[in-house]
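Work through the following exercises with the sequence and the coordinates at hand. Each task is followed by a solution that goes step by step.

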Amino acid sequence: MAPPFELPMSGPAPADRERADARRNRERILCATARLIDRVGIDCMSMDDVAAEAGVGKGTLYRRFGDRSSLLRALISEPEQAFQDELIRGAAPLGPGAPPAERLHAFGEGVLTFLDSHAVYIQAGELLAGGKRYGHPVYAFYRTHVSLLLRQALGETEHHEYLVDALLGPLSAQPFLYQRDARGMSVDEICAGWHALCDAVLAGAAGAH
């Protein structure tokens, strides 16, 4: 028969301790990964190096992240989720409350600003995963967002699906890094170019009605 009271506990419950340990391991691994990238570069960083740097077992690392691609993507998961939250619940014009064309412009500039800090990790993760940008849930989320805004701004257009992908094309790591690092363009210049593209798409599609 169970006692009519619960014994006092000197610390958190086992499940809570396990969750806390998992969170600490995650932070330790991600911090170690960032340090290694700064020190030796992404190409020279191995999963074994990360485990040693973080002071965790290789099994812990592989169970948590699986491979280098997933590990690199995890480095940006929190800021990426914060940006997505701004799109859904944030202040206008990035969030709801502004006209759709204005929100579309804000979205592109927001993504490019995000890429300025994180494109290196995103590109490396995509390359390690076989370039699977289009199958990633983040791309699906952004595509749905752009499709909705474009439809709200213009209604149904003949080339709607193509225009959605055309607008998203420059908002990825590889073209951004090419423009910034190889072409020497500033982030402001890249954003200005994207705004011009967005205006052209909106005007051209509206004129085709």
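**Exercise 1. Find the neighbours of F107.**
Task: determine which residues F107 touches, leaving aside those up to four places away in sequence.

Solution: The model is a predicted one, and in it F107 touches F83, L87, L94, Y142, H145, V146, L168 and L171 once residues up to four places away in sequence are not counted. The next step is to place this residue in its wider setting: the largest nonpolar core has 56 residues, and F107 is, together with L104 and L150, among those with the most contacts inside it. The largest share of this core, 11 residues, comes from helix α6, which spans residues 100-128.

**Exercise 2. Describe the overall build.**
Task: state how many helices and strands the protein has, and how its residues divide by burial and by contact range.

Solution: Counting the elements gives 10 helices and zero strands, so that the pattern read along the sequence is α-α-α-α-α-α-α-α-α-α. Of the 209 residues of the protein, 39% count as buried. Turning to contacts with a separation of 6 or more, 65% of them are accounted for by residues 24 or more positions apart.

**Exercise 3. Classify the packing of α5 and α7.**
Task: decide how helix α5 (residues 77-89) and helix α7 (residues 137-154) are oriented to each other, and list what they bring to the contact.

Solution: The two helices pack at an angle of about 20°, and their axes are 12 Å apart. Angles under 35 degrees count as roughly parallel, and α5 and α7 are therefore roughly parallel to each other. The crossing in which α5 passes α7 is left-handed. On the α5 side the contact is made by E80, F83, Q84, L87 and I88, and on the α7 side by V138, F141, Y142 and H145. Sorted by class, this contact of α5 with α7 has six nonpolar, two polar and one charged residues.

**Exercise 4. Classify the packing of α2 with α3 and of α6 with α9.**
Task: for each pair, work out the orientation of the helices and the make-up of the contact.

Solution: For helix α2 (residues 47-54) and helix α3 (residues 58-65), the axes come within 9 Å and cross at roughly 115°. Angles of 65 to 115 degrees count as roughly perpendicular, and α2 and α3 are therefore roughly perpendicular to each other. The crossing of α2 past α3 is right-handed, and in it M47, D48, V50 and A51 of α2 meet K58, L61 and Y62 of α3. The residues of this contact divide into five nonpolar, no polar and two charged.

For α6 and helix α9 (residues 173-182), the angle is about 110° and the axes are 9 Å apart; α6 and α9 are therefore roughly perpendicular to each other. Helix α6 contributes L112, L115, D116, A119, V120, I122 and Q123, while α9 contributes A173, Q174, F176, L177 and R180. By class, the contact of α6 with α9 has eight nonpolar, two polar and two charged residues.

**Exercise 5. Examine two loops.**
Task: locate P93 and T157, and state whether the bond from A92 to P93 is cis or trans and whether T157 is buried or exposed.

Solution: P93 lies in the loop between α5 and α6, and the peptide bond leading to P93 from A92 is cis, with omega near 10°. Most peptide bonds, by contrast, are trans. T157 is found in the loop between α7 and α8 (160-168). The relative accessibility of T157 is 14%, and buried means under 20%, so T157 counts as buried. Finally, T157 and A205, which are 48 residues apart in sequence, are 6.7 Å apart in space from C-alpha to C-alpha.

Key. Residues numbered from 1 in each chain as written. Predicted model: local features only at pLDDT ≥ 70, side-chain atom pairs only at ≥ 80, totals over all residues. Heavy atoms only, no water. Core = buried A, V, L, I, M, F, W, Y, C linked by side-chain atoms within 4.5 Å. Buried < 20%, exposed > 50% of the residue type's maximum accessible area, 1.4 Å probe, protein only. Helix = DSSP H or I, 4+ residues; strand = E, 2+ residues; numbered from the N terminus. Contact = heavy atoms within 4.5 Å. Axes fitted to C-alpha atoms, helices over the stretch in contact; angles between N-to-C directions. Parallel < 35°, antiparallel > 145°, perpendicular 65-115°, else oblique. Left-handed = near helix turned anticlockwise from the far one by under 90°. Nonpolar A, V, L, I, M, F, W, Y, C, P; charged D, E, K, R; others polar.
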